[in-house]
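Let's take a walk through a protein together and look for the empty spaces hidden inside. Have the structure open as you read.

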Amino acid sequence: MQTYINEATSGKRISAKGYAVANKNAKFKPFSFTRHPLGEKDILIEMLFAGICHSDIHQAKSEWADGIYPMVPGHEIAGRVIAVGKNVKKFKVGDYAGVGCMVNSCGACEACKQSKEQFCSKVVFTYNCIDGFHNEEPTYGGYSDNLVVSEDFAITVPKNAPLDKVAPLLCAGITTYSPLKFSKVKSGSRVGVAGFGGLGVMAVKYALKMGAELSVFARNKKKEQDALRLGVKALYTTDKLIEVKERFDLIISTIPTAYEPMDYVRLLDFGGELCIVGLPPTSVMPSLSLSSLVFSAHRKVYGSIIGGIKETQEMLDFSLKHGIYPETEIITAAQIDEAYENLTSGRAKFRYVIDTKKSVF
Ligand SMILES: [Zn+2]
Ligand SMILES: [Zn+2]
């Protein structure tokens, strides 16, 4: 780390090591690269934990669009600040920081002014993105040993926080917290969560804490006991949606595979909302029937992607206050391919988190 600190403080490009794929069919291999020099408002983070998100797999395998290779995925990042630029206000060396899906945006547009940076047309994603603020170079994510980021895009993490569990909150947490807030979920709201994987579990935990009544839609009954233990009223299997009598104010779909969105729209009360946060691969992407929608009694469908920086900090503070965390399984970087296989086949039980200090890059 001392080399990185020296490079950062002398204004040089900062060396980094990570795990990358060379193309959409490749396995992960160690990869050396450099990051842009430490700017006045930037912090250098020593990576401690990096979560593996299902969207890492979609991007590494070019399932949404052609990826930028070599690709170092990872946008669920928790680490320790080891150098700060001269105008950094929020962090000092030794503090803990988290980084999610974004590392920069224009700061001046309407979206940025409202701290909805995820909707800025110049937003820079943490990896697999061209950084318009740094010579159009590609960004590299958290499967690595350090990260340089503007302090405006780093989340304050208290020292006593469980960092391995904080990392996944930066994507899985905010992705589910944000629509619950947008749809004004409160005590007594009737909320359904479709898809009971990593995202679904987080949606359930937040909505319950906000006072909502919860039901879950899952492929089978395997996780029924887990759901009931959390406080969910009912788990419905997706093959019998037609028999569901309950009506909902909000259903959040985290489903990452093919399905029929109108099956869920029909379960909403008049004026209820279906929020889509799961994004299946392009080859099996569901579509909406406009004729069904026109006859759907003012029921609404909207999409949501992560959340702004201000809301991400709010989500983290809420999670820490109420002890809302994902279940995690800690691995090393050498096990990424295996983790991807388990996630793809549905064998993974928990969120995989890479212990980057224990990994050999
Ligand atoms: Zn993610
Ligand atoms: Zn902007």
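Which residues lie nearest the centre of the largest cavity? Keep in mind as you look that this is a predicted model. The answer is a group of five: Arg35, His36, Asp131, Thr139 and Val148. They belong to a lining of 16 residues, and the space in this cavity comes to about 170 Å³.

Now let's see which parts of the chain build that wall. Four strands each contribute at least two residues to the lining of the largest cavity: β2 (29-35), β6 (102-104), β9 (137-138) and β10 (146-150). Of the elements, β10 gives the largest share, with four residues. What about the chemical character of the lining of the largest cavity? Its residues divide into seven polar, six nonpolar and three charged.

How many cavities of 30 Å³ or more does a search of the whole structure find? There are two, so let's move on to the other one. The second largest cavity holds about 50 Å³ of space. Its lining is made by Gly100, Cys101, Met102, Leu170, Ile174, Ile306, Gly307, Ile309 and Thr312. Here the elements that supply two or more residues are α4 (163-182) and α9 (309-322).

Try sorting the lining of the second largest cavity by class as well. You should find six nonpolar residues and three polar ones, with no charged residues. For the largest cavity, by contrast, three charged residues are part of the lining.

Note on methods: Residues are numbered from 1 along each chain as its sequence is written. Chains are lettered from A and ligands numbered from 1 in the order in which they are written. This is a predicted model: local features need pLDDT of at least 70, side-chain atom pairs count only at pLDDT 80 or more; totals for chains, interfaces and linings use all residues. Side-chain values use heavy atoms; hydrogens and water are left out. On a 1 Å grid over the protein atoms alone, a cavity is a set of points where a 1.4 Å probe fits but cannot get out, and a pocket is an open set with protein on both sides within 12 Å along at least five of seven lines; lining residues have an atom within 4 Å of a point. Grid points are joined across faces, edges and corners, and a volume is the space filled by probe spheres set on the points. Ala, Val, Leu, Ile, Met, Phe, Trp, Tyr, Cys and Pro count as nonpolar, Asp, Glu, Lys and Arg as charged, and the others, Gly among them, as polar.
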